[in-house]
Amino acid sequence: MRRAEWARKALCAWALCVAMGASLAHDFKAGELRIDHPYATPTAPGLRTGAVYFRTLKNPGAQADRLLSATTPVAARVEIHQMRMDGDVMRMRAVPALALPARSELQLRHGTPSGHHLMLFDLKAPLQDGERFPITLRFEHAGECEVMVWVQTPRRPAPGHVHH
């Protein structure tokens with residue numbers, strides 16, 4: 001194989017690898033904020049609510065920020081929610097915003113102690129394992145950012161997790 005032809009093929013292979021890596025990325029940026037691995041759990045047929053979680057929301061910057069709202073074409077309404085245990089009873093409530101202090105990292109995984117997640121209301125169709133859908137997050141300082149949510153079955157159920 002001639003040197004120029006080999007170099008061209010190697011460059012094409014490298015470009016393909018970069019493009020594939022970008023298409024499989026699970027992290028996003030909004031200003032200084034890092035949105036790591038947005039995901040939703042599959043919903044049962046007929047269920048009209050779902051939830052979106054994040055491996056982490058990171059704010060490495062010097063300025064605090066807040067998640068104010070979210071919208072998605074797969075649901076009529078999205079609310080920021082917090083779950084907490086009150087004795088043996090799980091209580092869930094909408095919160096007006098989610099604080100992201102400067103130089104902090106917040107986990108929003110299903111079953112985590114903070115219990116924060118995005119609640120999807122009036123789903124247009126059940127969320128099915130392997131699907132992806134966009135959600136637009138609106139932050140106080142970082143502005144709007146569209147991220148792709150992956151629908152996936154968790155590897156193992158979180159302790160005390162209640163499916164919405």
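In which sense do β5 and β9 pair, and over how many bridges? The tour of this predicted model starts with that pair.

**Stop 1: β5 and β9.** Select β5 (75-86) and β9 (116-123). The two strands run antiparallel to each other, and seven bridges link them. For one position to check, pick Arg77: Phe121 is its bridge partner in β9.

**Stop 2: β5 and β6.** Keep β5 and add β6, residues 89-94. This pairing is also antiparallel, over six bridges. Gln82 is found opposite Arg93 of β6. Now move to the turn: β5 and β6 make a hairpin with two residues between them. Gly87 lies in that turn and has a positive phi of about 70 degrees.

**Stop 3: the core.** Next, show the side chains of Ile35, Val52, Leu118, Leu120, Phe133, Ile135 and Leu137, the residues with the most contacts inside the largest nonpolar core, a set of 29 residues. Among the elements that give two or more residues to this core are β5 and β9 from the first stop, along with β2, β3, β10 (132-139) and β11 (143-151).

Centre on Leu137. Neighbours within four places in sequence aside, its contacts include Ile35, Phe54, Leu67 and Leu118. Ser69, Gly143, Glu144 and Cys145 are also among the contacts of Leu137.

**Stop 4: a loop.** Finally, select Ala44, in the loop between β2 (33-40) and β3 (49-59). Ala44 counts as partly exposed because its relative accessible area is 40%, between the cut-offs of 20% and 50%. Add Gln128: this residue is 84 residues from Ala44 along the chain, yet their C-alpha atoms are separated by 8.5 Å.

Terms used: Residues are numbered from 1 along each chain as its sequence is written. This is a predicted model: local features need pLDDT of at least 70, side-chain atom pairs count only at pLDDT 80 or more; totals for chains, interfaces and linings use all residues. Side-chain values use heavy atoms; hydrogens and water are left out. Helices (H or I, at least four residues) and strands (E, at least two) are DSSP runs, numbered from the N terminus. Buried means under 20% relative accessible area, exposed over 50%, partly exposed in between (1.4 Å probe, protein chains only). A nonpolar core is a set of buried Ala, Val, Leu, Ile, Met, Phe, Trp, Tyr and Cys residues joined through side-chain atoms within 4.5 Å. Contact means heavy atoms within 4.5 Å. Two strands pair if DSSP finds at least two bridges between them.
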